[in-house]
Every structure is written in C-alpha cells, then in structure tokens.
Number of protein chains: 2
Amino acid sequence: MAVTLKEVAKMAGVSRSAVSRTFTSGASVSEKTRKKVEKAARELGFRPSLIARSLATKRTKLIGLIANNFQNPIFLEVFDLYTQALQKLGLRPLLVNLTNETNLDQSIEMLRQYNVDGVIVATSTLPPYFAKSLKDAQLPVVHVFGRAGIGTDVHVVGVDNFSCGQMAAETLYNYGYRQLAFLGGPETATTTQDRAAGFVKFLQDRGIEPADIRYASAYEYQAGRTAMSELLQAKTVEAVFCGDDLICMGALDEARQSGIKVPEELGLIGFNDLEIAQWSAYDLTTIRQPTRDIIKSSIELIVGLVDEPDRALEARVFPCSVVERGTLKARSAAADT
Amino acid sequence: MAVTLKEVAKMAGVSRSAVSRTFTSGASVSEKTRKKVEKAARELGFRPSLIARSLATKRTKLIGLIANNFQNPIFLEVFDLYTQALQKLGLRPLLVNLTNETNLDQSIEMLRQYNVDGVIVATSTLPPYFAKSLKDAQLPVVHVFGRAGIGTDVHVVGVDNFSCGQMAAETLYNYGYRQLAFLGGPETATTTQDRAAGFVKFLQDRGIEPADIRYASAYEYQAGRTAMSELLQAKTVEAVFCGDDLICMGALDEARQSGIKVPEELGLIGFNDLEIAQWSAYDLTTIRQPTRDIIKSSIELIVGLVDEPDRALEARVFPCSVVERGTLKARSAAADT
DNA sequence: AGTGATTTTGCAACCGGTTGCAAAATTTAT
DNA sequence: ATAAATTTTGCAACCGGTTGCAAAATCACT
C-alpha cells in the first residue's frame, strides 16, 4: 500500500539504512547517495512512517493536551495557539477531554498507550490523582494556567493569581470603590481561591472588610447570573471583582435586568479579557493574562522536558495587566493612597 | 522501561502470542491461560503499546480533526462533542489547525505520516486541493458542515444551507418584513453562497427583490460590525439575515450604536444558535443546526468508512430550526401569504 | 481406549523504521 | 604510491506488537 524504505532502497540501489539515514537529521550520508535516495523517494512518493519511527526511537512527537472546560471561549484561543505552535515544531496535540471524571483513568491509559512524549494540562486545577498517575507513568507534565506553589510536583506556567486578586482590588480601590465583593468561579478551583485571597488581602491591608465573597457554580455565564442575583439580594455593594469574564458578563446582564446601571451604580471588573469582553454590549474592564506568552513558554518547557526529564521543577510566572474599558467609573468620593 | 509482551509472557509462562491474544478481542485463548496472563499483566502493570499495535495492524485509532476557524465559539462545542464521542469509541482526535494555508501541505503530510484512520474536515468550505490530497492518500474523509451536492467527491454530513436561507427569509417574511438584506460571511464560503441563494430564491418566488446582499470579510464579530455599518449607510432595510451569530451580534451592536432600535426599527436573524445568542444582551432570534446529531452521525460515518472505504458516497442532511427570541417583531403592516 | 473434530498454543515471519558495529570506500598525509 | 585517518555503507538486530500455520492439546463420540 504505502511506499516503504525497502522499495526506495531497491530503486535507489542502496541499503535500507542509507535511505533511513537520508531522512534522519544528523546521520552521515554522502552527497551522492542522498541525491539518489531523494530522487527515488520523490518518484515513489515515499514518506517515512511516523508510527514505525516512533516504535524504534521511542519518540512519538505527540503531546497530550488535556482540557476540562469546553464552555469558555478562552480555550478556543488556547487550542488555536497550541495547535499552531506545536505544528510549527513538528509536534501534534492529542486532545483529551476531561469533562467527565468518569473517563479519567481511561484517558491516562490512552496517553500512556499512545506513548505521548509529554502532557500539557490546561485546567485551572490539577486533579491530584491525575498528577500522580502521570508521574507514575514517567511522563513529562506541564500544568499551564496552574497554581505555582510549594507542594506541587509538576512544572507550572501561568500567572500569580494572588497578585491578580490584589491587582483587581487595587484597581477598584483606586477608582474610589470601597464596598467590594468577590464573585469567583467554583470554590474548589485553586485559581479562584488564590484570586479571592489576594483580593481580600489587599483590602484588609487597608482596613477594609470585603462586603461579600461568593462563588458561582461554574466558570459560566448562567452561573455568573445566578450568583449575581443572589449577591444583589443579599448585599449592597459598589463594585464586584468577577473571577472570569463569562461570570462577569452574566453578572452584568443580571445587574442590568435588575435595573442597575453599570458603571454608574455598580462597578465590575472581570478576568481573562475574552474577545467578547470588548464587544460594545459588554465593554468589560478586565484583567488579562498573557496567554500567548504563557503557551509559548509552556511548549518550550515541555519540549525541554522531553529531552531532559529530570530538570529541576520550575514555575514560570507571568505578569497580568488591567485592561481598562467601560465597567468602572471613578467615584466622586475617590480617595487616593 | 515500559513493560512489554515478552515480560508478561515470561511471568505467565506462556508464549508472546498467548499474551497478545488475551489482549486482542476476538482471538482464541483458553480461560486458563487468559487468567494467568491477566494476573501477570496486572502485577507488572502491562499496557499494550498502541504504537506497536498500529504498526502491525495498520490501524492507529487516530482520527484527524481538521478545523480552520478558532474564532467562532461554535467550534469549541464541536471539539467538545468530538473529543467526547471519539473517546467513547476508543478513538482519538488529532487536531489540525488549518488557519494558515501555508501549512496545508505540511498538515496533509502529517496526517499521512501518522497514519490516521480517517479524517473529519470541519470547515465550512473544503479546499479542493485538500480534498484531492486526502483522496490520493486513500484516506477516508467526512466533510462535516459541508455542502452536500453533486460534484463533490467526499462524504458530507451537515445541513441544507439553501433551505436554511429560505427558512430565514420565510421567517422574516412571515413577521411582515419586506425590505430584506442578507449579510453573510465571506463570499467564498459555499455555506454563505447557499444561504444567500436560498434567501434570494424565497423572496424572488414572492416577487421581492432583496434590498441588499453583502458579505462580511470573516465569520467574526468585527467583520459583522463593519459590514453592517456599510449596509446602514448604503440602504434602508427592515430586517437582516446574518449568516452567522457572531456576525449578527456585530450587526446588532453596530445598529444599537447608530441609535437604531432592535427589534423595533430593525429585525435581525442569525445562524448557529451559539450559546451567547441567548444571553440577555443579545437575545438573538436565530437558526440552529442540530450540531450534536450532525457530529454523532459524522463519527458513525467515518468509523464505517474505516472498515469499508469504498462505500457509496453519501450526503447526510439534517433539518434546521428557527429559535425565536427577541430580535424580530411582527410588523404592523404584516401581510400573510 | 481409540478415532476424528475442534480448540488452543507456539513458532516464526512480519509491520516499517533505527542504529551499533565492522567492513569498504574515500580522503589526507607522508 | 602507500599508510593512516576519516567517512560512508550495509549487515543484522531491535523496537513491541500481530497473525498464518502446523503441531499439540482438549473434547466428543463410538
């Protein structure tokens, strides 16, 4: 069916090894045989089988890409960046959907069976069992968008969510808001916990108690709406830091439908800077993480780990920034410093 | 490193074939040896290498999943459904990003080298060159969301975009709108062409000339805004059929910012029923395609094709439906029939 | 127990590449 | 021209499974 080494070798009048060598970078072949082989290969339409090569070299050029959130558009961007960047390096992403925990074992099994060279986990929280299994399988792992901290046993590339929380609080504070609430994603997510902690810390350092700390059931629009609705009934606040833009948009729509004007009567700041955030219907002030840089770095890291699995554990932390748009407004009673 | 057949065989005191057979469904092994082998395998933590198996069986269980649009959230849903459904069948998606045409050849190369069992192309338009290359490589191909029609040489699963265009026109017509415009995606996309044609046909059958036919430069929000802005300057229309929800949301925001009230002064109908379409800031009336069914069917088809590559060419067409929300309003001068 | 039919088993070749090693060919130095 | 050093080449084993085939084992039946 497909053209193999042997046929090319026969046609070029050389040994199989010679053919193999012309297609392996760094192998020694004379210019003369290389030419012959390339000619034969071209005429026969030969392409070396990656499967066979993988078997022999024990490298598959496959990178497992694990995600468990297919609701948030940010992941579409993530997939876009990963596929493109990996492609450029001659690598391929093997996409694993970890939405149902039921297939967790099955997924790990698969990753091992396919002999992926490395695994990139793009979930806000890394299930410990998952981490352990990958460790046991001796697979290089990079947790992207994860929590960098002590006690972790995988490499992490992401942002410091604690600082992000502080940054959000600081932004609101500088605008003059004083009655502040945090409206995060699920409380179990370490990202949420860290953002909340940073947010609270900043305020308490200034002697302010947060007016409300609340968690949406998911990083989703509807969850944001529901949580916001509850928040509005329970407390009166001047501004809310939402742990994700989707939640923030839900909160914004909920506020609007309750007749609350944003930013006149309520300030909102989101997280992630989704593309939608800049749509004029929302025009969200938000905190953005440098997704592109994070992903680029995570790929460099995983590629490095493939060749050097025992590298020292590393946490690569990138800075976030505030994107100012239309959901915050300076308070008349603004105080500075 | 990893545990292999040989070691399990040794431990269980049987031949390698016996071990292989216990892990191959449909092979004949006695209950006794199966037990022995399974015990040994369990103790050693053996998992058969899919790479080696692929080499021998010439089946990789890898399905190429080709996409070229990582801007539209609909594809996140598509990826979600595909990964889950494929996983359930023990298959894996190998995601290929065809955004830059530059790497088209490279991508095909990859698909062939990885020996994917089949390819699912999820792009609105199938580049002919791409189709031909896959054909040449003898790879089973299913074009999902593609155009079902004569002259195609690949299997297609999707909707009848011509009917969808008619359906959109009919919906607007029944609401009493008479000055109608079409605002599609790029004119080169066959989906756009078909929707436009259906739209125009319905109107002309009733003696109505469409007020405007216009194409956004991409299936994106900003493109929608820009195109809508131009449309508003050029014509006065009562309602617009947008070839995609993203475009429709751009159009809606553009109209609003121009001080035009929707639906009071302008009717809008979109396409795709993105999750965002139901957000209260948009509340789009739109046409939805049964994505879930389409994807399910496309997987069944590709799986069938793997075993039976010469199946008769098939087009599976699913019906669309109108999702009524808030961007259309019955005209006072409504005429029926 | 003996015969034939059926199932289970191991051997060995194969899938399509890679690679260490020694022989052959080429280059360089004398 | 010859010897030494260097490069290129082919052989053969290997990566970790599968599978056709014939021998061995088991089963069914007189």
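# How the two chains meet and hold the DNA

Author: Welcome! In this predicted model, 100% of the interface residues of chain A are also interface residues in chain B, so the copies meet through the same surface.

Reader: What makes the relation of chain A to chain B that of a two-fold axis?

Author: Two copies of a chain are related by a rotation about an axis and a shift along it. Here chain A is laid on chain B by a turn of 180°, with a shift of 0.0 Å along the axis and an RMSD of 0.1 Å. That is the relation of a two-fold axis.

Reader: Why is A:Thr83 called buried?

Author: Buried means under 20% relative accessible area. A:Thr83 has 0% relative accessibility, so A:Thr83 counts as buried. You can find this residue in helix α5 of chain A, residues 74–88.

Reader: Which residues is A:Thr83 in contact with, leaving aside its neighbours within four places in sequence?

Author: A:Thr83 is in contact with A:Pro93 in chain A and with B:Phe70, B:Leu95 and B:Asn97 in chain B.

Reader: What makes the pairing of A:Thr83 with B:Asn97 a polar contact?

Author: The distance is one part of the test: the N or O atoms have to lie within 3.5 Å. Between the side chains of A:Thr83 and B:Asn97 the value is 2.9 Å, and the pair counts as a polar contact.

Reader: Now the DNA, please. What makes a residue count as near a strand?

Author: One of its heavy atoms has to lie within 4 Å of the strand. Around DNA strand C there are 29 residues, of which A:Leu5, A:Ser20, B:Arg21, B:Thr33 and B:Lys58 come nearest. Of the atoms of strand C that come within 4 Å of the protein, 56% belong to sugar and phosphate.

Reader: Which parts of DNA strand C do A:Ser49, A:Ala52 and A:Arg53 approach?

Author: Each has its own partner atom. A polar backbone atom of A:Ser49 is 3.3 Å from a sugar or linking oxygen of strand C. For A:Ala52, a backbone N or O atom lies 3.4 Å from a base nitrogen. A:Arg53 places a polar side-chain atom 3.2 Å from a phosphate oxygen.

Reader: Which helix gives the most to the surface near DNA strand C?

Author: That is α4(A), with five residues. Helices α2 (16–22) and α4 (50–57) of chain A, and α2 (16–22) and α4 (50–57) of chain B, each supply at least two residues. By class, this surface has 12 nonpolar, 11 polar and six charged residues.

Reader: And which residues come nearest to DNA strand D?

Author: Of the 29 residues around strand D, these are A:Arg21, A:Thr33, A:Lys58, B:Leu5 and B:Ser20. Side-chain N or O atoms reach phosphate oxygens of strand D at 3.0 Å from A:Ser15 and at 2.8 Å from A:Ser30. A polar side-chain atom of A:Thr33 lies 3.0 Å from a phosphate oxygen as well. For the surface near strand D, α4(B) gives the most, with five residues.

Reader: How do you know that the span of helix α12 of chain B is close to the expected one?

Author: Helix α12 (residues 291–307) has 17 residues and reaches 25 Å from its first C-alpha to its last, close to the 24 Å expected at 1.5 Å a residue. Its buried residues include B:Ile294, B:Ile295 and B:Leu301. Among the elements that the buried residues of α12(B) pack against are β1 (62–67), α5 (74–88) and β11 (315–318) of chain B.

Notes:
Residues are numbered from 1 along each chain as its sequence is written. Chains are lettered from A and ligands numbered from 1 in the order in which they are written. This is a predicted model: local features need pLDDT of at least 70, side-chain atom pairs count only at pLDDT 80 or more; totals for chains, interfaces and linings use all residues. Side-chain values use heavy atoms; hydrogens and water are left out. Helices (H or I, at least four residues) and strands (E, at least two) are DSSP runs, numbered from the N terminus. Buried means under 20% relative accessible area, exposed over 50%, partly exposed in between (1.4 Å probe, protein chains only). A polar contact is a pair of N or O atoms within 3.5 Å; within protein, one must be able to donate a hydrogen and the other to accept it, and residues adjacent in sequence count only if both atoms are side-chain atoms. Contact means heavy atoms within 4.5 Å. Ala, Val, Leu, Ile, Met, Phe, Trp, Tyr, Cys and Pro count as nonpolar, Asp, Glu, Lys and Arg as charged, and the others, Gly among them, as polar. The expected span of a helix is 1.5 Å times one less than its number of residues. Copies are superposed by least squares on the C-alpha atoms of residues with pLDDT of at least 70 in both.
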